[in-house]
Protein chains: 2
Amino acid sequence: MPADALLVTHLPNIRYLTGFAGTAGAVILLQQRCLLMVDSRYVTAARALASPLPDGLLAVEPVANSYDEAIAQAVTREGIARLAIEAAHLTVARFNALAALIHRNNPRPATTNGRPTTDERPAHDGLPTAGVLLATERVVERVRMVKDAAEVATFREAASRLSAIARRLGEMAVPGRTEREVADLIEDAMRRAGFSHPAFDTIVASGPNSALPHASPTDRRLQSGDPTVLDFGGVYSGYCVDLTRTVQLGGISGEPGRLFAAVAEAQKAAIAAVGPGARPSQVDGAARAVLERHGLGEAFGHGTGHGLGLEIHEDPRVGRPMANQPDDPLEPGVVITIEPGAYVPGIGGVRIEDDVLVTANGCEVLTDVPTFL
Amino acid sequence: MPADALLVTHLPNIRYLTGFAGTAGAVILLQQRCLLMVDSRYVTAARALASPLPDGLLAVEPVANSYDEAIAQAVTREGIARLAIEAAHLTVARFNALAALIHRNNPRPATTNGRPTTDERPAHDGLPTAGVLLATERVVERVRMVKDAAEVATFREAASRLSAIARRLGEMAVPGRTEREVADLIEDAMRRAGFSHPAFDTIVASGPNSALPHASPTDRRLQSGDPTVLDFGGVYSGYCVDLTRTVQLGGISGEPGRLFAAVAEAQKAAIAAVGPGARPSQVDGAARAVLERHGLGEAFGHGTGHGLGLEIHEDPRVGRPMANQPDDPLEPGVVITIEPGAYVPGIGGVRIEDDVLVTANGCEVLTDVPTFL
């Protein structure tokens, strides 16, 4: 049951397809052209994107009332019998509202090329096969996963700028400063380096807090001997890069030192496993096997990494194989993080993260920072 | 068809109900207690929230595999025959996955109090009446809309801190600085004032850019005579405040001066219309009537305001009445922005925004900044 058109409602997907970076919008991707629906705030910006393109390729449609009404009107006007929707992003409420509006405009089944559709159930009858709305997943995401040359160039520049900041982490994370103060220094440095925003809330987790993989910075002051996890990222020309180093104030030693060595070895093994044809779960398995050998399997409670792009977490997921989760072989152009960690209450935590581009022959580590600072 | 339980998946709603502020989680609200499901990253933090409460009131359930599997297991274990879901937040993909998991665990209809349910259609058959999942909207949001005394105290403190920054906008927005530099100064000031993050991307829109209501800061340098819209907000103890002033560099004069006067008058009229029993659309209408009288109806393309709380945009929506959009009378304890604007290409734009608490007798303007800086 093929669709005539794809309704794109996920904003990063809209940005990828059209360049439009507003906070609201909708795209209907037809066979030969693309409708970009925006409200009055964005009409000028959207038209500026469309004007250099061949006539009609990107048609900007101002939304007078609601987005869903504009979408339903376009479905009728363009004679769309089967509209694919992004099931991973469209809410149940919006699905129901859209189905009702389309059904109101099309009480009889819509036609394509003059032939009636064979499915005569009304649009609001159910999911995913009833009526004109078809649930799809990962249509645009699969395309986004493989970066083109311009995107790779942006990643190289962004990773170089983030690495320059990371090499100065030792000057920022010093005894006496609070976690929050160190996080502010890192975020200030990202802004000055040309990042438009942090890609996520900067993590500075010192001493006992380092054993929490997703701690928020507190007013705790860093102390000599603390293992301190510093995880930060920025958005550069729309693309997200992400980097973690763990420092131990006063030098790596004692029980945390054992964690540093094991996590560094696990990260190296995972990076060595990255290449075209490797499944993300195999990359995860390479890191996990090293940590298990060190008796730290239980201490590694998260996945090894995630895709990077217009979003900080995008496909592919680099983790244990899971039912109903894609695990397609990596292709050249995919950019992922490699970030194993080990967290032991009472001792602390260590995570080491770099950003890696899959190449034709293996991979290129985009970030360039010593493992131990 | 009442529900036995409510599945809460929207993170701000989870935070409101339980205090849990992680980046993933799920809550099932039963008649007498609450299940909080979190993954391994958050178990320690979640248990710390539960331990001061009466035994069993907030039960923390660690999620071993996926959230949806944990939810489906709880549905079986707790004998939930009808589970309400948050249709405005749950995606179609997740609805379908949950319905399939629940159906797999309960091939025959679930029972409540030993009596079989009357609806024998399987859970994955459709929306919103089929099987165990019931679409609901705004259940927690309606409760969140009315702030309690502790929330009001947080708002007063946050608005006071944001106002202190706004009173210094005239020193920050000076000729020669770029829009981006001014935005950085504002965001630095918010951090130093105790805000954990900006509540949204700061807007600094100067000269021609001021005519775009949602411009992003550029490298354009501010010039004498420019109307410049400065719209910024911060998150303080979890709560969002939001403020806009427009300055004209070198003094308000010329054609922009006419916009300043009209928008200030519209804002005053809207604030005067705020009180218990007033409908949000009436507040919007008060601002709109003033701008229409000045011939600026077309120049005011957005709504007059929005609710504030754990989210920067929450209920109520303060705009023109729209079909299928709630417009319930305001109650004491509701906090909204009042932010009319007028945008005229070739002249520029003006927006003025304050945060207002509905009180028993009218309203209290929480922000405290001169209209003209």
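## How the two copies meet

Every bit of the contact side is shared: 100% of the interface residues of chain B are interface residues in chain A too, so the copies meet through the same surface. This is a predicted model, where local features need pLDDT of at least 70, side-chain atom pairs count only at pLDDT 80 or more, and totals for chains, interfaces and linings use all residues. Residues are numbered from 1 along each chain as its sequence is written, while chains are lettered from A and ligands numbered from 1 in the order in which they are written.

In total, 27 residues of chain B are in contact with 27 residues of chain A (C-beta atoms, placed from the backbone, within 7 Å). Helices H4 (92–105) and H8 (179–192) of chain B are the elements giving two or more residues to that side, and H4(B) gives the most, with 4 residues. Helices (H or I, at least four residues) and strands (E, at least two) are DSSP runs, numbered from the N terminus.

Lay chain B on chain A and you get an RMSD of 0.0 Å, with a turn of 180° and a shift of 0.0 Å along the axis; the two copies are thus related as by a two-fold rotation axis. The fit is by least squares on the C-alpha atoms of residues with pLDDT of at least 70 in both.

Now for strand E5 (residues 83–86) of chain A. Strands pair if DSSP finds at least two bridges between them.

| Strand paired with E5(A) | Sense | Bridges |
|---|---|---|
| E1(A), residues 5–8 | parallel | 2 bridges |
| E8(A), residues 133–136 | parallel | 4 bridges |

A:Ala84 is the bridge partner of A:Leu6, and A:Leu134 is the bridge partner of A:Ala84.

Methods
Contact = placed C-beta atoms within 7 Å.
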